[in-house]
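Walk through this structure with me, one region at a time. Keep the 3D view open as you read.

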Amino acid sequence: MATSHQNNPHAILISYPLQGHVIPSVHLAIKLASKGFTITFINTDAIHNQIMAGSSSSSTNGDDIFALVRKSGLDIRYTTVSDGLPVGFDRSLNHDQFMSGLLHVFSAHVEEAVEKIIKKGPQVCCLIADTFFVFPGMLAKKYDLLYVSFWTEAALVFTLYYHLDLLRLNRHFACNDLCDEPITYVPGVKSINPKDLTSYLQDMNTTTVCHQIIFKAFQDTRDYADFVLCNTLEDLESDTIKALHKKVPFFAVGPIFPIGKFSVATSLWSESDCGHWLNTMPNGSVLYVSFGSYAHVTKHDLLEIAYGLSESKIRFLWVLRPDIVSSDDNNPLPDDFMTEIGKRGMVVPWCNQTQVLSHPAIGGFLTHCGWNSSLESIWSEVPLLCFPLLTDQFTNRKLLVDDWKIGINLCDQVRITRVEVLKKIKILMNQESGNVFRKSIKELKNKFEKALRKDGSSERNINQFINELKVKIQKKKEANIAEKCLPNGH
């Protein structure tokens, strides 16, 4: 399909170097390119190398993850930069050092790449970057670009970070005598309990490198963002989105994940083929277990979950990353676990989650409540057993269990036991007791489908964003021309 890209708006898109951010960033790039954008996608060398190592050559077609997409006529260019650390450095094991690099060093590598892209052309109109970066607004201003902040999590989480000043003022954050009363003063949020804030907002120590990133990133967004794109949809979080739109042009354009014809390699690990095993299982009989790509589980909790799964006699597929407890403990399961479960359980290091969740054999998902996993579960109509571990996952749990009624808590922040694991698995997977969750999740799936239609809210919002962006681009061009026409000194 031959397509002329000469007059397309050209945006640079920078993905945050974590699996949960790479996936929606890649598919936002595809979405915008399908709407007539030229996109130059900046990835880190480390993430790129992991993707290439974990993917088949047929899915990547050389050294460019977008090569096959480009063949279909979409203009997505691709480049990589260093994040400041050696490619082989263990970022999971050395989390703080990795985050310090993103805070202090990464922007210099990105700026060098942005300058080269601008000089090479075509003319760049805007910078689209993950909200968690601390530098994109300032960088956009330096190169006279519009700045689009891309938020990959729930709008509720965005607004809690955006209103940190209110949380401080009301003693719900960063004080010695934290208030334990419900939070009812954040615009667009009816009420939220302190235990449902993100893990960073519950921490007593607010001087960590991750806190520094949050403070700087949201200050950058407040000061410089022309637009915010959010991977959610209006029907899920309408009040929160309306309130945010009064502060900044905020567009709910989700869910952003691969549901169309384009396939791009985004997995950081080699994916095991689970299809043959799942095909042998009855419909709705398998519990899928995964705790995502980054967060860790304590050895105690993992063992209790393992014993609970074993005693439940439920069929299950468990994605167990080699570093799930620690990079130094790559076999944390009980010695007799694999022998005991026999053929009713399958344990793999990684898999294609969207394919697994959409398989008819899957009847439930024991999850860490990552936002991508949450959206993918709703799309596949798979109810959830919630076990949040880190960051936004506690707030997502509140939405999934308390607000949308599509899952249950595994342990609700008390010490996990195999007895409780067994009990909750039985509730979720039982045909009768699990039906209430399946009914609720089917209603949410309908909202997803409506939002993604041509006349749906997410499609309207992304089109409105593009129209408003083009107006701003034109005004900026006219202002620059007018400035050049002024006599020197005026």
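Cys230 is buried in this predicted model. Its relative accessible area is 0%. What about a partner for its sulfur? The closest cysteine sulfur belongs to Cys369 and lies 17 Å away, too far for a bond. Cys351 is buried as well, with a relative accessible area of 4%. The cysteine sulfur closest to that of Cys351 is in Cys274, at 4.8 Å. That too is too far for a bond, because a disulfide needs the two sulfur atoms within 2.5 Å. The count for the model is 0 disulfides.

Turn next to helix α11, residues 209–224. Its 16 residues should span 22 Å at 1.5 Å a residue. The end C-alpha atoms are 22 Å apart, so the helix agrees with that expectation. Which residues of α11 are buried? They are Val209, Cys210, His211, Ile213, Ile214, Ala217, Phe218, Asp220 and Thr221. Take Thr221, which sits in this helix. Its relative accessible area is 2%, and therefore it counts as buried. Leaving aside residues up to four places away in sequence, Thr221 touches Thr131, Tyr147, Ser149, Phe158 and Val228.

Step back along the chain to the loop between α10 (199–202) and α11, where Met204 is found. Is Met204 buried or exposed? Met204 is exposed, with a relative accessible area of 54%. Met204 still has contacts beyond four places in sequence: it touches Cys175, Asn176 and Leu178. For a sense of scale, compare Met204 with Ala53. The two are 151 residues apart in sequence and 39 Å apart in space, C-alpha to C-alpha.

Now look at some backbone details. Where are cis peptide bonds found? One joins Gly121 and Pro122, with omega about 0°. Pro122 lies in the loop between α6 (106–120) and β4 (124–130). Another cis peptide bond joins Gly254 and Pro255, again with omega about 0°. Pro255 is in the loop between β7 (250–252) and α13 (275–278).

Helix α14 (299–312) leads to another backbone feature. Begin with the helix itself. Its 14 residues should span 20 Å at 1.5 Å a residue, and its end C-alpha atoms are 20 Å apart, so the two values agree. The buried residues of α14 are Asp301, Leu302, Glu304, Ile305, Ala306, Gly308, Leu309, Ser310 and Ser312. What do they pack against? Their partners are the strands β8 (286–290), β9 and β11 (362–367), together with the helices α15 (337–341) and α19.

Lys313 follows α14. Its phi is positive, near 65°, although Lys313 is not a glycine. This residue sits in the loop between α14 and β9 (315–319). Lys313 is exposed, at a relative accessible area of 54%. Thr391 also has a positive phi without being a glycine, here about 45°. Thr391 is in the loop between β12 (384–386) and α18 (393–403). Is Thr391 buried or exposed? With a relative accessibility of 14%, Thr391 counts as buried, because the cut-off for buried is under 20%.

Finish with helix α20, residues 435–452. It has 18 residues and reaches 26 Å from first C-alpha to last, close to the 26 Å expected at 1.5 Å a residue. Its buried residues are Phe437, Ser440, Ile441, Leu444, Lys445, Phe448 and Ala451. Why do they share a side of α20? They cover an arc of only 145° around the axis, which puts them on the same side of the helix. A general point helps with the spacing. An α-helix has 3.6 residues a turn, so residues three or four places apart point the same way.

The buried residues of α20 pack against α17 (371–380), β13 (407–409), α19 (418–429) and α21 (457–485). Consider α21. The axes of α20 and α21 are 4 Å apart, and the helices pack at an angle of about 35°. Which residues meet there? From α20 come Lys450, Ala451 and Leu452; from α21 come Ser457, Ser458 and Glu459. By class, this contact has 2 nonpolar, 2 polar and 2 charged residues.

Technical notes
Residues numbered from 1 in each chain as written. Predicted model: local features only at pLDDT ≥ 70, side-chain atom pairs only at ≥ 80, totals over all residues. Heavy atoms only, no water. Buried < 20%, exposed > 50% of the residue type's maximum accessible area, 1.4 Å probe, protein only. Helix = DSSP H or I, 4+ residues; strand = E, 2+ residues; numbered from the N terminus. Expected span 1.5 Å × (residues − 1). Arc of directions from axis to C-beta. Contact = heavy atoms within 4.5 Å. Axes fitted to C-alpha atoms, helices over the stretch in contact; angles between N-to-C directions. Nonpolar A, V, L, I, M, F, W, Y, C, P; charged D, E, K, R; others polar.
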